[in-house]
Every structure is written in structure tokens, then in C-alpha cells.
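Colleague: I am new to this structure and should be grateful for a close look at a single part of it. Please set that part beside whatever else helps a newcomer.

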Amino acid sequence: MENQIFQLQYAMDTFYFLVCGALVMWMAAGFAMLEAGLVRSKNTTEILTKNVALFAISCSMYMICGYALMYGGEVFLSGMGEVDTASVLNDFAGREDGFEGGSIYSGASDFFFQVVFVATAMSIVSGAVAERMKLWAFLAFAVVMTGVIYPMEGNWTWGGGSVFGMYTLGDLGFSDFAGSGIVHMAGASAALAGVLLLGARKGKYGSNGSINAIPGANLPMATLGTFILWMGWFGFNGGSVLKLGDISSAHSVAMVFLNTNAAAAGGAIAALITARMLFGKADLTMLLNGALAGLVAITAEPSTPTALQATLFGAIGGVLVVFSIITLDKLRIDDPVGAISVHGTCGLLGLLLVPITNGDVSFSGQLIGALTIFVWVFGFSLVVWAILKAVMGIRITEEEEYEGADIAECGMEAYPEFTKG
Amino acid sequence: MKLITAVIKPFKLDDVREALSEIGVQGITVTEVKGFGRQKGHTELYRGAEYVVDFLPKVKLEAAVSDEIVDQVIECVAKTANTGKIGDGKIFVSDLEQVIRIRTGETGNSAL
């Protein structure tokens, strides 16, 4: 009888992991639509190409070496194909808390869930460098980012490894539930390094200090993308509970869903009001960024806050993201979709909010963790971008930028009938 | 015969079309156009940055009419498209040398 329940628990938690992984995979569609909506139509094909290609590269690199670097084990996922039922049942029986003990699930489902997080981190980069970066330079960076940079910092955090043998973040009271820092801030740090070496889009900043608007081509698409991301986030945070198969875990999953949704709502409302007060108009793109900012802010700890706290945390993210976008523009750091603000600034915010509701986490631990992630990802990325810049160049020519990256990089337009009449 | 070319505010198109059919205009050609006159452009806002839209969308309407009703048509368009605000548009009148109906080969007034 007990063994049958263990079998069921294994099946349920594995299934739960897979469904959440599939939801997170769908976030790739969200990023693709959001980014395609916020760039000009002449850069649509190229940004879509980047989004699909980076997802495929992330999956392959994580399979080749990323997962092994992050969690130990062998390259190419060797040995993942088999399961020893008797030994798994023994693991179940050996747990101290019985049915409520730690979760045990298929290793293959763990890989599937983890791999889509890598792709998410990489998707963040593509939006920030949109409309001017060379496709192949970007894809070359994706190989390094998803094969080495992300897995290394993932090892120091979720993997439990020590940072080059110096210190272990877990011992310092660091916690990042689903990856405000590990996934989102890491992606934004890599993006920031790229943008600094890449420069702004032509015409974005005038020589007299003016900041020019470059409106996105398709706001319905950007809105759809935001809703897709919002939905995928339930898998992102919900799956990070790692277990569904007992009452307290199932309740925790439900709270995470609830809080994730509440934070997105809070972020959206706060950003809408902030934009209205600052600009006098209800800026849809800020509203979209606000919802995402709320989601990023709650990701570091969606299980301990109350629904009200989650809404407020999201709202803080929603206000912060608007000011962050304006500040980056003043610094002439051109980010067409607001990725650095949404994922970087609000990712940091998410980490720093954790100690408020989770007593096991220390403020200093969060700070050291955030710093470790940022220094590693930003520094390593800067070196990689610089090498790419020297070897193959990372920016398309001025003429190609004027004509659009679609023709320059892909040789096709996204809307040929519309432009040809 | 005259060719009446009018540039009007897009939202007035339906009213003008209806009014013209009532006074016996048999056909019009409509094009969506952009341009500027005394109204100039206007500023819009995107992510906190203002930008100027230099050319405003208008509708260009063309009608070939006989000399008898040309004054009536001008008056009709001028009256229907008028809002009293800047940007209502203009009417241009030019001589029309010849009109041919392609299907039948009719020419002149009978082709209108």
C-alpha cells in the first residue's frame, strides 16, 4: 500500500514538474511576441529569428554541458535514460517525514523544467539589444551564456556549490525561490553589458541631449506577449515549489499561483498610475512593463507573502520600473523593450524583498548573492561581448540599420505584402 | 467638365459621400493620404518621450463632374466637411479635358 502511494507521489510530482515546464516553455512565445511588438516592423523577422534560435541553442547547450555544470552529473545527460524503481522506492521509504518528505521525481523532468529557465534568461538579452545587433554575434553569445555563464551562477545558488571555493551563498542566508536574481537579473546583467558595448539605436538620442521616441510597431502583439508571459509565470513560480504531492506542498503551490497573479496585477496598476501621473497619458507599454515588473519582483519569494503583501511588492516593482526606464534613457542606455529595467532593476528588488516575509533569509545574504550574480554575469558577458566585437563585430552597419535588420540579416520582411502594396 | 479634388478629415468621409450621392454625383475615388497644411503636425507620447508627427492622415476624394453641378458639388463638400476647426482641408477644382468610359467607349458628359 505504501509503495503504491509512493508510486503515485512520484508520478504526480513528475507530472506536475513537466506541466509547469511546458508552461515556462510557452514564455518563449511571450518574449517573442512582446519583443516583436515593441520593435519597428523592419526588424520583426530578425527578432523572431533570434527568439526561436536562442531557445533552441539554450536547450542544446544546457543538454551538452550546462546542466552538468549547474547540478553535477555527466555531460550530454548521460545516464538520465534509466530509472531504478526499487531504489527510488527505497529513497521514498528512507525519508524522515514520510509522505510529507522532500520531493522525489524523475531526473528527466528536472532537466526539462530547468532547461526552460535558461532560455528565459537568454530571451531577456534579445529584447535589450534589438534592432541593431548582428544576429550571429548574438547567437554566439547565447552559446557561452547558456553553456557556461548561467550554469556557473546557477551552481552557486540552486546548485548549492561554493563560489570558486571562497564562500557558499546558502550559508550566508541567500534565497531566490524561482529566480528573480538567478534568472532575471542574470539575463539583464548580460543584456546591460551587451548594450554598453553596442550603443544606442541610431536616432534614439539627439546630439543636443534630446531623447527621441521610437514607437513599437505592433502593440496588440506586445500585449499578447505580456499575457502569455503572465500565464507562463504560473509554471515558472508554481513549479519552483518542486512538489505537489502532499497537503502542505499543494497548498504552497496554490499560494504561489495566487501571489504570482496578485503581484502582476499590483505591478500593472502601479505602473499605469505612475505613467499617467508622470506623462499625463496612460502609456500602454509602461503598463505592460509594470505587469512584468510585478511578476519579476515576486519571483524571489512567492510562497511566504500574504496576497496583500504580494500585491504591494508587485506595485513597488510597477512604480520602480517606470522610473528605471526613464533613468536608463537619461543615461543614454537604449533598451527598446525595457528588459534591463523589468528584469534587472526589479529582479534586484525581488531579492531584497525576500527577508521581509521569510525569516530564514538575511538581507546581507541577499545583497551578497545579488552582487555575486551581477559581478559574475556582467563581467564575464562584457569580456565575451568585447571579444565578439573585436573578432566579428556586434553591430550591423548604419545603412543596414536604416533599411532594417530583417533585410540585412534574414533577407526577408515580416510584412512583405503590406510594404510592397 | 471639372475634376474636383478635395482633401478632408477622414471622419467626414461618410457624410460627404452621402451628400454627394444625394445631389447626383455618380462616382468618387478616395485615397488615404498624409500631409500638412496650416494645422502642421502634432506631438505624441511614447514611453515618456514626446515625438512629432509631421504628416497628418487625411482623405483625398476625387470626383469628375459636369459643369452644371460643379458649384453645387463644391458647396456640398465645403458644407459637409466643415467642422470650423483648423485642419478641415481644401478643395481644388481643375478643368477636365476628356472622360472615357472604358466598357462602352462613351465620352464626355455621358461618360460621367
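Modeller: The account below takes one helix of chain A and then turns to chain B. Please bear in mind throughout that this is a predicted model.

The part chosen is helix 6 of chain A, which covers residues 180-198. With 19 residues at 1.5 Å a residue, helix 6 should span 27 Å, and its end C-alpha atoms lie 25 Å apart, so the two values agree. The helix does contain a kink, of about 25 degrees, and A:Ala186 is at its centre. As to surroundings, helix 6 of chain A is largely enclosed by the rest of the structure, because 17 of its 19 residues are buried. Just after the helix comes A:Gly199, which has a positive phi, near 85 degrees.

Chain B may be described more briefly. Two helices and six strands form its secondary structure, and from the N terminus on their order is β-α-β-β-β-β-α-β. Chain B is more spread out than a compact globule, because its radius of gyration is 17 Å, well over the 13 Å that the globule rule gives for 112 residues. Along the principal axes, the C-alpha atoms of chain B fill a box of roughly 60 × 25 × 20 Å. Of the 112 residues in this chain, 14% are buried. Finally, among the contacts in chain B with a separation of 6 or more, 70% come from residues 24 or more positions apart.

Terms used
Residues are numbered from 1 along each chain as its sequence is written. Chains are lettered from A and ligands numbered from 1 in the order in which they are written. This is a predicted model: local features need pLDDT of at least 70, side-chain atom pairs count only at pLDDT 80 or more; totals for chains, interfaces and linings use all residues. Helices (H or I, at least four residues) and strands (E, at least two) are DSSP runs, numbered from the N terminus. The radius of gyration is taken over C-alpha atoms; the globule rule is 2.2 Å times the number of residues to the power 0.38. A residue is buried if 20 or more other C-beta atoms lie within 10 Å of its own, exposed if 12 or fewer, and partly exposed in between; C-beta atoms are placed from the backbone. Two residues are in contact if their C-beta atoms, placed from the backbone, lie within 7 Å. The expected span of a helix is 1.5 Å times one less than its number of residues. The bend at a residue is the angle between axes fitted to the seven residues ending there and the seven starting there.
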